[in-house]
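User: I should like to learn how to read the sheets and helices of a protein model. May we go through one together?

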Amino acid sequence: MSAAGRPVLDPATGRALTHLPDTDGPGVADAVARADAAFHEFWADTSPAHRAGLLRDLGRLLRDDRDELAALERSNTGKPTARALGEVDFAAEVVDWFAAAARYPVGETHPAGPGMRTYTDRVPVGVCAAIVPNNYPLLLAVWKIAAALAYGNTVVVKPAPETPLSLGRLVERAVDVLPKGVLTAVHGGAGPGRLLCGHPAVGMVSFTGSTAAGREVARRCADGLKPASLELGGKSPVVVFRDADLDAAARAVVTGFTGNTGQVCVAGSRLIVDRAVHAEFVGRVAELAGFLRVGRPEDPGTDLGPLISRAAADRTVEVAEEAAARGARMILPPGRSTVRHDLDGGFYVHPVVLDDVPYDSRAWREEIFGPVLSVASFDDDTEALALAHDTAYGLSASVWTSDADRAERFGRALRAGMVWVNTWGDTEETVSVSGLGQSGYGRELGVHAVEGYTRPRAVWVAHRTGR
């Protein structure tokens with residue numbers, strides 16, 4: 001283990017796994033130069049069929065290295081083993097899908113007069129900077145990498161400083177699959193990210209992270225009139241009516257606020273429940289959450305691993321205790337009296353339900369990125385919708401009801417980029433997703449990803465008619 005550079009921690013123990021220096025200015029410039037050279041010298045002219053074949057090879061590499069990548073993900077993020085393995089599997093499926101999408105038609109032929117052919121097509125932007133967060137370091141990077149490569153771009157990827165290991169290993173292994181310079185990596189915090197946003201050879205930036213950081217990315221890209229795709233924070237509502245399947249809804253709510261130990265941008269962190277079933281439903285949710293086991297990531301019985309850092313655990317405890325001090329009823333698992341869970345020096349917390357949260361509290365308004373559920377109740381549809389929209393974010397929303405008319409109305413009315421009706425969390429590589437409001441803009445996955453990684457052109461070709 002190197003002792004030079006930024007420490008990379010195991011969140012399950014708080015101990016350093018290794019140290020990794022931040023990439024300096026010349027290093028960032030070199031990575032971009034290599035990606036730019038690869039783009040101009042050969043990659044932009046590589047046929048879609050050839051790119052598709054290389055992506056299929058990358059998908060096989062992910063499957064072949066599945067156990068190693070999942071182990072790195074587990075040690076560096078604290079994810080339970082089964083979750084880490086599932087994310088590698090999903091990443092491979094995403095690569096396979098974009099291997100096929102590389103060959104999808106993306107242009108149109110327009111009516112034209114004699115001697116003229118008119119069409120539109122899409123061209124790659126060049127070097128794409130992919131800046132990824134610490135909650136899904138491998139999976140979300142692959143979402144960006146696979147789409148960018150499929151459409152003829154090269155990529156410089158920057159993992160979050162806390163979680164560089166699995167993605168760094170993938171980039172190392174990809175040299176056996178991809179041509180030199182097509183995929184490179186830089187490391188560190190905000191500094192290398194700012195350099196990527198400002199580099200004139202970077203054609204676009206795809207960023208996933210906090211709304212505050214996304215604003216800075218957008219400002220820096222705007223200086224160079226550079227497009228950015230921003231998938232940012234969320235404070236997503238789950239609206240439960242009295243006529244819903246309450247057992248299914250309760251299971252979904254628990255999954256929604258505790259999945260990945262709450263470190264999910266689409267986390268269903270605000271429960272808005274019909275007053276007629278409020279006490280019953282909150283009781284069900286608290287009971288189910290209380291059954292979840294907080295423990296070591298390598299333990300097969302673990303449901304919730306640690307949070308990513310001590311600061312994240314401290315903030316989760318602080319926000320929950322502040323809400324309780326202001327009148328919210330804090331519900332912890334049976335036998336627990338504190339939010340924090342002491343184990344091996346790691347950054348563990350228990351799932352927390354905060355009933356009747358003040359609407360001006362941080363627990364109700366801010367993205368916590370921890371397993372904290374804030375609860376409010378409503379009396380009618382109008383109030384339910386108003387509470388769902390009581391946020392600046394618009395990433396996702398879920399509504400639960402057996403009334404088909406209400407399901408349709410709420411499905412149309414909820415202002416969110418992803419809306420689930422009588423379900424929660426469904427995501428497929430074939431479906432494009434995005435946010436509204438402070439949750440950002442730009443599409444990930446699906447056929448619409450092409451819009452971010454290419455630019456449309458209109459082309460007129462004049463030719464001589466026969467004599």
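User: In what order do the strands of the open sheet of 6 strands lie?

Analyst: As a general idea, the strands of a sheet pair through backbone hydrogen bonds, either parallel or antiparallel. In this predicted model, an open sheet of 6 strands follows the order S7-S6-S5-S8-S9-S21, and its pairing is mixed. The edge strands are S7 (183-185) and S21 (440-441), each of which pairs on one side only.

User: Which helices pack on this sheet?

Analyst: Helix H5 (residues 137-150) packs on the sheet and touches S5, S6, S7 and strand S8 (202-208). The direction of H5 makes about 165° with that of S6. Helix H6 (residues 165-174) also packs on the sheet, where it touches S6 and S7; its direction makes about 140° with that of S7.

User: How many bridges join strand S5 to S6, and in which sense do the two strands run?

Analyst: Strand S5 (residues 127-131) is joined to S6 by 5 bridges, and the two run parallel. Two positions illustrate the pairing: Cys128 stands opposite Val155 in S6, and Ala130 stands opposite Val157 in S6.

User: Are the faces of S6 covered or open?

Analyst: In a regular strand the side chains alternate between the two faces of the sheet. In S6 both faces are covered: Thr154, Val156 and Lys158 on one side are buried, as are Val155 and Val157 on the other. Strand S6 (residues 154-158) thus has 5 of its 5 residues buried.

User: What is the strand order in the open sheet of 3 strands, and what is the pairing?

Analyst: The order is S3-S4-S22, with antiparallel pairing. Strand S3 (108-110) and strand S22 (454-462) are the edge strands. The twist from one strand to the next averages 25°. S3 pairs with strand S4 (residues 116-124) over 3 bridges, and the bridge partner of His110 in S4 is Thr118.

User: How do the axes of helix H3 and helix H4 cross?

Analyst: The axes of H3 (residues 66-77) and H4 (residues 81-101) come within 8 Å and cross at roughly 125°. The two helices are therefore oblique to each other. The crossing in which H3 passes H4 is right-handed. H3 contributes Arg66, Asp67, Leu69, Ala70, Glu73 and Arg74 to the contact, while H4 contributes Thr81, Ala84, Leu85, Glu87, Val88 and Asp89.

User: Which classes of residue make up the contact of H3 with H4?

Analyst: By class, the contact has 5 nonpolar, 1 polar and 6 charged residues.

Terms used: Residues are numbered from 1 along each chain as its sequence is written. This is a predicted model: local features need pLDDT of at least 70, side-chain atom pairs count only at pLDDT 80 or more; totals for chains, interfaces and linings use all residues. Side-chain values use heavy atoms; hydrogens and water are left out. Axes are lines fitted to C-alpha atoms, for helices over the stretch in contact, and angles run from 0 to 180 degrees between N-to-C directions. Helices (H or I, at least four residues) and strands (E, at least two) are DSSP runs, numbered from the N terminus. Angles under 35 degrees count as roughly parallel, over 145 as roughly antiparallel, 65 to 115 as roughly perpendicular and the rest as oblique. A crossing is left-handed if the near helix is turned anticlockwise from the far one by less than a right angle, and right-handed if clockwise. Contact means heavy atoms within 4.5 Å. Ala, Val, Leu, Ile, Met, Phe, Trp, Tyr, Cys and Pro count as nonpolar, Asp, Glu, Lys and Arg as charged, and the others, Gly among them, as polar. Buried means under 20% relative accessible area, exposed over 50%, partly exposed in between (1.4 Å probe, protein chains only). Two strands pair if DSSP finds at least two bridges between them.
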